[in-house]
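Got your viewer open? Grab the mouse and follow along, one selection at a time.

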Amino acid sequence: MVSDIQRIVDLYAQHINPGLARVLKFAGVEGVEASADGVWVYDHEGNRYLDFLAGFGALNFGHRHPRIVAAVKEQLERMPLSSRVLFNAWQAELAAALAALTPGELQFCFFCHSGTEAVEACLKFARLATGRLKIVAMQKAYHGKTLGALSASGREVYRQPFEPLLSWFVHVPFGDKEALQRVVDEETAAVIVEPIQGEGGVIVPPDDFLPFIRQVCDEVGALLIVDEVQTGLGRTGKNFAVEHWGVVPDLMALAKSLGGGVLPLGAAVGTQRVFEPLFDRPLLHSSTLGGNPLACAAGLAAIQVLQEERLADHAAKMGNLLINGLQTLGEQFPDLILEVRGKGLLVGVEFVNEDVAALTAAALLKRRVLTAYTLNNPRVIRLEPPLIVQDEHIDIALNAFADSLVQVRQLVSMLA
């Protein structure tokens, strides 16, 4: 399909965004993706890349997982989109499967296409259920870039051009119990939090932080919204990251890998208390294409694969192997690496500065290992391969990482 990379670069510049084209070229991107399978991506020249980014966490099941692809093909032959008049069996079955899989009493689902849409739904449902305005969010959080989700997010570079944003959001430092308790009160509709801040730099909270949020919310009648868009569906070694701390939310935002790495699919999952105000007005919040049969077939197959292939347990095992290997490299390159942290296969490597992180990511790309820095903390490279990754893939990535660090150390010494 692709015979001329320069044509693709020119089309990016002419019809998508010339700045994006420059950024990709500056990062050392020289290929056009042509196909993918499992943990591998192939470019237009047939070069093979080890995918340790997985679409920013959207490919927990790898590229083109055969069971999920088969389910989508079968559904495509039956009915891709809903009539929106008759009952939608696939949506009903997926909602029931999510109610069974998610913790606590999360029972009802609203389906959409993306994480930011799922977050928007959660924010609206919290306002509706409580009759309150204030939402407490975390500094350096990332919940999406639509207006409500952006108001909940916490990095000025994305917020400032669109200010004033929604005025009823209050931000506190992630992990700071005292700051949280000062602002959560009887006017608070909800606290929204990522169990682990992904774009914030793969920040794992203190063990008592999420339980404390639950406690404070209960004391004032506020709701707890957890954004599991990136951390959910096995990524951190549990089906959902909140399970590491035994916390049950009132609302959960899901997306990314919910569509099995084949189709866009998001969901806001909540308790009966949260959804009850919608019972008499079921069309108060809606989505024409959300929960379509094709996407729901992918979601159902994805949940089956997650459970039957025990991918959360596998992620925990592979994550330990990856983190231990990276920590060993951190000991060998203390002049470059500050810290390695994460849970399961959501792993962050923090470097001494943004330049070293960028050089390392570019060096890894040259060695055909795909990674990226975190949006709210460019000093951190995230590694989140598909959950189907195996020992030999971890070894390839660690060897490429070691070679890249040697190269970066040499470059830094030359520039010093």
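Which residues lie nearest the centre of the second largest pocket? Select R84, Q91, C109, F110 and P282, and you have them. Keep in mind as you click around that this is a predicted model.

**Stop 1: the second largest pocket**

Now widen the selection to the whole lining, which has 25 residues. The space inside this pocket comes to about 810 Å³. Colour three elements to see where part of the wall comes from: helix α5 (89–101), strand β4 (108–112) and helix α11 (272–279) each supply at least two lining residues. If you colour the lining by residue class, you should get 16 nonpolar, 8 polar and 1 charged.

**Stop 2: rings beside β4 and α11**

Stay with β4 and α11 and show the side chains of F108 and F279. This is one of 7 aromatic pairs in the model. The ring centres are 5.3 Å apart and the planes meet at 55°, so the pair counts as tilted. F108 belongs to strand β4 and F279 to helix α11, so the two rings tie together parts that are 171 residues apart in sequence.

Are these two rings buried or exposed? Neither: F108 is partly exposed at 25% relative accessibility, and F279 is partly exposed too, at 40%.

Next, add F110, F125 and F275 to your selection. Together with F108 and F279, they form one aromatic cluster. You've met F110 already, as one of the residues nearest the centre of the second largest pocket.

**Stop 3: a stacked pair**

Jump to F351 and F401. Here the rings are stacked, with 6.4 Å from centre to centre and 10° between the planes. F351 is in strand β12 (residues 346–351) and F401 is in helix α15 (residues 391–415), so you're looking at a link between parts of the chain 50 residues apart. Try a surface view: F351 counts as buried, with 0% relative accessibility, and F401 is buried as well, at 1%.

**Stop 4: the cavity**

How do we know where empty space is left? Rolling a probe the size of a water molecule over the atoms shows it.

The count comes to 1 cavity of 30 Å³ or more, and the space in it is about 40 Å³. To find the walls, select A141, Y142, G144, K145, L150, S153, G154, R155, Y158, R159 and N376. By class, that lining has 4 nonpolar, 4 polar and 3 charged residues.

Zoom in on two members of this lining, K145 and Y158. K145 lies over the face of the Y158 ring, at 4.5 Å from the ring centre. Want another arrangement of this kind? Select R127 and W168: R127 lies over the face of W168, 4.7 Å from the ring centre.

**Stop 5: salt bridges**

How many salt bridges does the count come to? There are 17, and we'll visit some of them.

Start with K177 and D208, whose side chains meet at 2.7 Å, N to O. K177 sits in helix α9 (residues 177–183) and D208 in the loop between β7 (188–193) and α10 (209–220), so this bridge ties together parts 31 residues apart in sequence. K177 is partly exposed, with a relative accessible area of 25%, and D208 is partly exposed at 38%.

Next, pick E199 and R382. Their closest N and O atoms are 2.4 Å apart. E199 lies in the loop between β7 and α10, while R382 is in strand β15 (residues 377–383), so the pair ties together parts that are 183 residues apart in sequence. Where do they sit, buried or exposed? Both E199 and R382 are buried.

Now swing over to R310 and D313, where the salt bridge is 2.5 Å from N to O. R310 is exposed, with 55% relative accessible area, and D313 counts as partly exposed at 41%.

**Last stop: a network**

Finish by selecting E339, R341, E350 and R379. Rather than a lone pair, you'll see a network, with these four residues linked by salt bridges.

Notes:
Residues numbered from 1 in each chain as written. Predicted model: local features only at pLDDT ≥ 70, side-chain atom pairs only at ≥ 80, totals over all residues. Heavy atoms only, no water. 1 Å grid on protein atoms, 1.4 Å probe; cavity = no way out; pocket = protein on both sides within 12 Å on 5 of 7 lines; lining within 4 Å. Points joined across faces, edges and corners; volume = space filled by probe spheres on them. Helix = DSSP H or I, 4+ residues; strand = E, 2+ residues; numbered from the N terminus. Nonpolar A, V, L, I, M, F, W, Y, C, P; charged D, E, K, R; others polar. Phe/Tyr/Trp six-rings, centres within 6.5 Å; stacked < 30°, edge-to-face > 60°. Buried < 20%, exposed > 50% of the residue type's maximum accessible area, 1.4 Å probe, protein only. Lys NZ or Arg CZ within 6 Å of the ring centre and 35° of its normal.
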